[in-house]
Amino acid sequence: MVSDLRRRIPTLAAKLTTAGPGYRLTLGATGLDLVEFHAELQQAREPAGRPDEPSASNPALFHLDRALRLWRGPLLAGDGGLVIAAASTALEELRVSALEKYYELQLGAGFGRLNSLVGELRNSVADYPLRERLREQLMLALYFSGSRAEALDEYHSIRRLLGEAYGVDPGPSLASLYQRILLDDPQATETPTMSAGGHDAAAPPSAQPTLAAQVPNTIPYVLPDFAGRTAALQKIYSMSGAGDTVQPLVRVLVIEGMGGSGKSTLAIHAAHRLRGNYQGGEIYIDFKSYTPGADPLDAHTALGVALNALGIPEKNIPDSQAARTAAWRTATSSAPLLVLIDNAALSQDAAALIPNCPGSLVLVTSRDRISGLDGASSIRLDVFEPDESIELLERVLGRDRVAAEPAAAAELARLCGNLPLALRISAARLVNREHRSIAWLTQRLADETRRLDTLSTGERSVTASIRSSDQALKPEYRRALRLLSLYPGGSVGVPAACALLGRNEIETEEVLELLLDRHLLEVLPGGRFGIHDLVRAYAIQYMDVDGVSDAEQIDQATESLLSYFSVASGQASDIAFPGRNQYRERAPVYTGPAPAPADQAAAIAWFDAEYRNAHPLIRTASERGLHAHVAHISRNLAHYLHIRDHGTLLLKTAKLAEEACRALGSLPLLSNALVNLAIALWKDGQAEEGTVLLAEALTLAEQCDDRLGQAVCLGRLGAFQHTLGDNESAAAHLHRAITLSAELGRVREEIAARISLSSTLLALAAFEGAVSQATRAAELCVTDRESEPQIMALANLGKALVGCGRAKEAVSVLSKARGLIGTQREVTPRTALVLANLAEAYMEIGQAATAALYAEQAGTAVAEGKTAPALRTDALNTLGRVYRHLGETRTALECHTTARNLAHNSGYALGEATALVALAACCDDHGLERTYRAAADAIFDRYRVSAAVRDAR
C-alpha cells in the first residue's frame, strides 16, 4: 500500500519514510490543511486596520474565509477509533466557532450580502440545528433583509426542538434577541458586531437598524414600612415557581379583598421580592376600576399600555383589540414575565393580559370576586390580625412610640377595624407630630359620628375607598347595603336580612352573595354574614344619599326587623326553655321567614349568636314607641341572659321592658317584666329592691288571675327573702308556691320552690324538713330528667342529712351528686358546694384525709367560679368549718373572710352573718371577736332570726 502511494504521488516519496515498524510523513509549515487552518485563525485574531472600518475590507474576515474553505469534513472521515473521534469533535467545535465569528463579521458589513448570507446561514443551521448562536445570526440576517416574520419563526423552531430534545427553553441571549425583533424599535436599539481584532463594537447608526435589549420593569415603588401578610406572601412565592427548573405553566393568582385591605401593597411588595426571576421583565397595569374620579381602563386600552411597556412604540401597536391581543401573546411568548394587574373588576379584562410564555406569573388584585379566570388560584385578603396592626404602627411610628402606649395602640387598631388603609391614615396623622399621643387619636376615633371624617388625610380616605365600591353597585344593592347596616351587630343571618330587605330567602341570598363578591360583606361561621365596622359606619352616615333610601323605607325595614326578632326570639325561648308561661297579649306579627331552631341546642346557639344585638334593638324599639316589641323581646331573652350570667345586659333590657309594659298597661306582661327586673337587681346585689318589685308583681298576677304568674312570683319572692335572712317569710311564700305549682302541674316551678325551701329550712336548722323537701325535689328531677336542679337538690339533701346526724347517708347522696357533676363540661358554683358538703360529711364520719382532699377540690372550684355568689358563699363557709375542724385555722379564716366579702357585695345577708359568726369563732383577738359577733347579731336582728337559728350558725 505504501509503495503504491509513492508511485501515485511522486512528491510524497521523499516525505514518507520508514520509522521502525511504521512510517512517518514529514510535512512543512504549509503542507497540512489543519496547520493552515490554525494559522488563518491566528491571523484573524490579530488587530489590523481601524476598529471601525467596514468588515468587507477587514483582514479578519478574509482570513476566516480562507480558514473555513480548508474544511472538508470530519477528521479522517470519522474513522480511527476513540482518540481520533475525540480530536475530530474538538476540531469541529473550533470550526463552528470560527463559522459563527465569520457570520458575525458578515452581518456587520451591512445589507450588501444579506440575501446570500441567509442561504449560507440556513445551511449551517441545518447542519447544527441546536446551535443557538447560529440561529441567532440567521434571525438577524432575516430581520435585516426584511423577513421579520421568518426571523420570529426561527426562534419558535429552535424552541420547539430544544423542548422536545431536552425539555428546556432557548437561552437568555436568543430570547432577548427574539424580544427585540418583536419590538421592532429601530431608534433605541444596538446590534453587536466584530472589529478586526475580534472585539465587540457598535456599528454606525446609519449603517443598519438596531434592536433594544432593555428588560422592562414598570412595577411601582415598594413601601419601606410593609408589615404583616406572612401567609399570603408565602402563597405567592410558592406559586411563583421561582427557582424551578421546569416551568410548564402560566400561573395566575387573584388577590381579593375589601377596599383598603392592602391588596395592591401586597402584590407590589411580592413583585419586588420576585424581581429578577423573569427574563421578560415585570409589567404593571392599573385598571383603576375603583379609583375615585378616574376613568377605568378597558381591555383594549390596557393591552396598548402593556405593549408600550414592552417597548413597542404606539405607532406600531395595532388598532383592533383582536390584533392587540395577538400582538401581546406573540410578544410575551419568548421569555417568562411577571404581570401585575391591579384593580381589575372583570375577569375578561384580566384574562386579556395573561402572557403566553410558560413560567410567567400573573398577580391580579380586585375588590370583586373574579371567577372567570379558569385555572387561577385566589387569596382572600382579610383585615389585619391585631398583631399585624401593631407591627404596621411600629414600622410607621417607631417601636418606642408604640411601646410607650401599648393599650392606646391596641385600641387604635380596634377602632380602625384592623383595616390597613385606616391604620396607615391614622399613623400618617401622628407621624412627625410628636406632641400628639396615640391616645389623643383614639379619643377622636371613639366618636362614631366623626370616625370616618377622622380617617382622612390628604387624598386618602376610608370614605373615598368605600364610596368607590358603593357607587359601583346598582341602586337596589346600594339600598340593600344600607338597610343591612341597620342590624346592630357585626353579623347578620339570612332570616334577619330577609326582614330588613323585605325579600324571600332566595332573593335575599342572591343580594348577600353579590355583596359578598364585592367584598362588602364577609362569610362568618353559622351561615352568617359580617359587615366591617367602617363599612357599616359609612352606610349609616350616607343612608339617604343620592336617593338610595328614604325615611319610609328605613322605618319599614326597622319595624320588620323588630317583628322578626320578636317572633324568632320567642320561638327560640320556647324550645330552649319549654314550659314557660305563654303571654300572647299584643305579640308582634311577622309573616316573613323565621325558621324555628331544630332542637334545644340549636335554640341556645341562636341566643349565643344574637343576644348582643338584643339591647340595641330593644332600645331602638323603645325610642320608636314600639312597646310591644320591647316587652316581648326582653321577656324572650331574660332567662337566657340569666343562666348565661349576662347580668348587666339583663338589667338594661329589664328596665326598658318595665317602662314599656307600664306604657302598654298589660298586667300580665308587667308582672313578668317586674320578675325579670327583680332577678337582674338581685344579680346586681340589690336583693331588697328586687323583693319590693316581686311583691308588686305578685299583686298584679293576682289581679289578673294569672296563677302560673303567682307561682313564679311566690317562688322568687321566697328565694329572695331567704337570701336576705327573712327565712320565716320565705318559708311561707315557698309553701304557697309549691302548692300552686303542683296544682298547675308545673314540675319545674315546683322543683325550684322545693330546692329554695330546703335551703330556707337548712337556715332555720329544720333539718328533717329540709331532708323532706330536698328528697322530693330530687325525685321530681329524675322524673323530669333535670340533672342540674338535681345536683342542687342532692347538695341540700346531703347538708340536711349531716345536720340530722346521718353523715354516712350524706356521703352516699353527695357522691351521687358528684357523679352528676362529672357529666357537665363546666365547673359551676354547684360543683364547689357539692364538694364542700362532701368534705364536711367525711369530716363528720372521721375520715379527715378524705375530707381534706375534697376540701382542696372545693377550693379550686370556688376559685374558678365567677357566678352565683350565694352558692359560693355557702361553699366557702362550709369549707371554713372543715378546715377549722382539721386544725388549719389560717385557711379557715381565709375562707370565711372571702365568704363575708362575697356575701356583702351580693346582698346575701344570711351568708354574711354566717361568715361573721365563723370568723368570731376562729379569732384569738377578743376585741375583734366581739366586733364580728356584733356585726352578725345586727343582721340577725334586722331579719328577726331566732336564737336557735343563730346558735346553729
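Let's start where two helices touch: I751, I755, S758, S759 and L762 in α33 meet P789, M792, A793, N796, K799 and A800 in α35. Sort the residues of this contact by character and you get seven nonpolar, three polar and one charged. Keep in mind as we go that this is a predicted model.

How do those two helices sit against each other? Two packed helices are described by the angle between their axes and the distance between the axes. Here helix α33 covers residues 747–763 and helix α35 covers residues 787–803, and they pack at an angle of about 25° with their axes 10 Å apart. Angles under 35 degrees count as roughly parallel, so α33 is roughly parallel to α35. Their crossing is left-handed.

Now move to an open sheet of five strands, which has the order β6-β7-β8-β5-β9, with parallel pairing. Which strands stand at its edges? They are β6 (282–286) and β9, and because each has a single partner strand, one side of each is left without a neighbour in the sheet. From one strand to the next, the twist averages 15°.

We can walk across this sheet strand by strand, beginning at β6. Five bridges join β6 to β7, and the two run parallel. If you want a landmark for this pairing, look for D286, which stands opposite D342 in β7. Strand β7 itself takes in residues 338–342 and is mostly covered, with five of its five residues buried. Its side chains go both ways: L338, L340 and D342 point one way, V339 and I341 point the other way, and all are buried.

Next along is β8, which pairs with β7 in the parallel sense over four bridges. Here L338 has L361 in β8 as its bridge partner. Strand β8 (residues 361–366) is then joined to β5 by six bridges, again with the strands running parallel. In that pairing, V252 stands opposite V362 in β8.

Strand β5 deserves a pause. It spans residues 251–256, is mostly covered, and has six of its six residues buried. R251, L253 and I255 point one way from β5, while V252, V254 and E256 point the other way, and all are buried. That list includes R251 and E256 along with the valines, L253 and I255.

One more step takes us to the edge at β9. Strand β9 (residues 377–380) pairs with β5 in the parallel sense over four bridges. Two residue pairs help you find the spot: L253 has S377 in β9 as its bridge partner, and I255 has I379.

What about R380, which is found in strand β9? Is R380 buried or exposed? Neither label fits, because its relative accessibility is 36%, which counts as partly exposed. Leaving aside neighbours within four places in sequence, R380 is in contact with E256, R369, H519, L521 and E522. You have already met E256, one of the buried residues of β5. R380 and R367 are 13 residues apart along the chain, and their C-alpha atoms are separated by 9.8 Å.

R367 also leads us on to another residue. Setting aside neighbours within four places in sequence, S465 is in contact with G259, G260, R367 and L421. S465 is found in helix α20. With a relative accessible area of 9%, S465 is buried.

Helix α20 (residues 462–471) has a packing partner in helix α24 (residues 533–541), and their axes come within 10 Å and cross at roughly 75°. That angle makes α20 roughly perpendicular to α24. On the α20 side the contact residues are V462, T463, I466, R467 and D470, which meet L534, V535 and Y538 in α24. The residues of this contact divide into five nonpolar, one polar and two charged.

Our last stop is another open sheet, in which three strands follow the order β12-β14-β13 with antiparallel pairing. Its edge strands are β12 (491–492) and β13 (522–524), and each pairs on one side only. β12 and strand β14 (residues 528–530) pair in the antiparallel sense over two bridges. To find that pairing, look for S491, whose bridge partner in β14 is G530.

How values were computed. Residues are numbered from 1 along each chain as its sequence is written. This is a predicted model: local features need pLDDT of at least 70, side-chain atom pairs count only at pLDDT 80 or more; totals for chains, interfaces and linings use all residues. Side-chain values use heavy atoms; hydrogens and water are left out. Axes are lines fitted to C-alpha atoms, for helices over the stretch in contact, and angles run from 0 to 180 degrees between N-to-C directions. Angles under 35 degrees count as roughly parallel, over 145 as roughly antiparallel, 65 to 115 as roughly perpendicular and the rest as oblique. A crossing is left-handed if the near helix is turned anticlockwise from the far one by less than a right angle, and right-handed if clockwise. Contact means heavy atoms within 4.5 Å. Ala, Val, Leu, Ile, Met, Phe, Trp, Tyr, Cys and Pro count as nonpolar, Asp, Glu, Lys and Arg as charged, and the others, Gly among them, as polar. Buried means under 20% relative accessible area, exposed over 50%, partly exposed in between (1.4 Å probe, protein chains only). Two strands pair if DSSP finds at least two bridges between them.
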